[in-house]
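Reader: I should like to learn how the features of a protein model are read, one after another. Could we work through the model shown here?

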Amino acid sequence: MFFQGWSGIVRTIVVGTLAYALLVAALRVSGKRTLAKLNAFDLVVTVALGSTLASILLSEGVALAEGVTGFVLLIALQYGVATLSVRSRTFAQAVRSEPTLLLRDGEMLPRAMRAARVTEAELETVIRTEGRRGIDQIDAVVLESDGSFSVIDAGGTGRGGTVRAGT
C-alpha cells in the first residue's frame with residue numbers, strides 16, 4: 001500500500017519529465033491563445049490537459065506516446081475552435097459567452113444580473129474592490145466572457161480596471 005517498488009517510481013520520474021517537457025513544447029508551438037484568459041472552452045481544454053498529464057504520470061496502462069497523442073489532439077482541437085471562432089461569428093457565439101452589461105450610468109440592470117447570476121452584494125464588492133464608494137461613481141460594470149468584471153469610471157477618469165469573478 002505505501003511502497004510497491006522502485007520501478008513505478010522510476011517510471012513516474014522518467015515518463016513524467018518527458019511528458020511535462022513535451023506538454024510545454026506543444027503549448028509553446030500552439031501559441032499564446034492556448035494560454036489566454038480562460039473562457040469556458042479554454043477551461044475545458046486546460047482541465048483535460050491536466051487530466052491527461054496525470055494519467056500519463058500515474059497509470060502504467062497509458063504509454064507516453066498515447067499521452068502525447070492526447071496532448072496534441074487537445075491542443076489541435078483548441079486551435080481549431082479558436083480559428084473557427086475568428087472566422088465564424090455564429091460558431092464563436094456557440095462556444096463562447098458574450099460580455100454582459102450589469103450596471104449602466106450608476107443603475108444596476110436586474111435582468112442582466114439575474115441572467116448572469118450576480119447579486120447586488122457581489123456587484124457592490126466589485127465596485128469597492130476598485131476603490132469606489134458607490135455605484136454613482138461608475139458608468140458601467142461588464143461581466144466579461146472570461147469571468148472577470150470590467151469597471152468603467154464615471155467622468156472619464158480612466159481608472160477603470162478588471163476584477164476576477166469570485167474575488
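Author: The model is a predicted one. Six helices and five strands make up the protein.

Reader: In what order do the elements run from the N terminus on?

Author: The order is α-α-α-α-β-β-α-α-β-β-β. Of the 167 residues, 32% count as buried.

Reader: How should the length of a helix be read, taking helix 3 as the case?

Author: One compares the span between the terminal C-alpha atoms with the span expected at 1.5 Å a residue. Helix 3 comprises residues 64–87, 24 residues in total, and reaches 35 Å from its first C-alpha to its last, close to the expected 34 Å.

Reader: Which residues of helix 3 are buried?

Author: The buried residues of helix 3 are Gly67, Gly70, Phe71, Leu74, Ile75, Gln78, Val81, Ala82 and Ser85.

Reader: What is found in the loop between helix 2 and helix 3?

Author: Val62 is found in that loop. Because its relative accessibility is 23%, and buried means under 20% while exposed means over 50%, Val62 counts as partly exposed. The C-alpha atom of Val62 is separated by 9.5 Å from that of Thr52, ten residues apart along the chain.

Reader: Let us turn to the strands. Which strand pairs with strand 1 over four bridges, and in what sense?

Author: Strand 1 (100–104) is joined by four bridges to strand 3, and the two run antiparallel. Within this pairing, Leu103 has Val141 of strand 3 as its bridge partner. Strand 1 also pairs with strand 2 (107–108), in the antiparallel sense and over two bridges. Here Leu103 stands opposite Met108 of strand 2.

Reader: How many bridges link strand 3 and strand 4?

Author: Strand 3 and strand 4 pair over five bridges, in the antiparallel sense. Val141 stands opposite Val151 in strand 4, and Leu143 has Phe149 of strand 4 as its bridge partner.

Reader: What general rule governs the side chains of a strand?

Author: In a regular strand, side chains alternate between the two faces of the sheet.

Reader: Why is strand 4 described as largely enclosed by the rest of the structure?

Author: Five of the six residues of strand 4 are buried, so strand 4 is largely enclosed by the rest of the structure. Strand 3 is likewise mostly covered, with five of its six residues buried.

Reader: Which members of the largest nonpolar core touch the most other members?

Author: That core has 15 residues, of which Leu102, Leu103, Leu123, Val141 and Phe149 touch the most other members. The elements giving two or more residues to this core are strand 1, helix 5 (110–116), helix 6 (120–129), strand 3 (138–143) and strand 4 (148–153). Another core, of twelve residues, lies apart from it and includes Ala19, Ala26, Leu27 and Leu74.

Reader: What is the usual sign of phi?

Author: Most residues other than glycine have a negative phi. Asp105 has a positive phi near 50°, although it is a residue other than glycine. Asp105 lies in the hairpin of strand 1 and strand 2, which has two residues between the strands. With 58% relative accessibility, Asp105 counts as exposed.

Reader: What is phi of Arg117, and where is Arg117 placed?

Author: Phi of Arg117 is positive, near 60°, again in a residue other than glycine. Arg117 is placed in the loop between helix 5 and helix 6. Its relative accessible area is 72%, so Arg117 is exposed.

Reader: Which residue takes a positive phi in the hairpin of strand 3 and strand 4?

Author: Gly147 does, with phi near 95°, in a hairpin that has four residues between the strands.

Reader: Finally, how much space lies in the second largest pocket, and which element gives the most to its lining?

Author: About 180 Å³ of space lies in that pocket. Helix 1 gives the most to the lining, with five residues; helix 1 (6–30) and helix 2 (40–58) each supply at least two. Among the lining residues are Phe2, Phe3, Arg11, Leu57, Leu58 and Glu60.

Reader: How do the residues of this lining divide by character?

Author: The lining of the second largest pocket divides into five nonpolar, five polar and two charged residues.

Conventions: Residues are numbered from 1 along each chain as its sequence is written. This is a predicted model: local features need pLDDT of at least 70, side-chain atom pairs count only at pLDDT 80 or more; totals for chains, interfaces and linings use all residues. Side-chain values use heavy atoms; hydrogens and water are left out. On a 1 Å grid over the protein atoms alone, a cavity is a set of points where a 1.4 Å probe fits but cannot get out, and a pocket is an open set with protein on both sides within 12 Å along at least five of seven lines; lining residues have an atom within 4 Å of a point. Grid points are joined across faces, edges and corners, and a volume is the space filled by probe spheres set on the points. Ala, Val, Leu, Ile, Met, Phe, Trp, Tyr, Cys and Pro count as nonpolar, Asp, Glu, Lys and Arg as charged, and the others, Gly among them, as polar. A nonpolar core is a set of buried Ala, Val, Leu, Ile, Met, Phe, Trp, Tyr and Cys residues joined through side-chain atoms within 4.5 Å. Buried means under 20% relative accessible area, exposed over 50%, partly exposed in between (1.4 Å probe, protein chains only). Two strands pair if DSSP finds at least two bridges between them. The expected span of a helix is 1.5 Å times one less than its number of residues.
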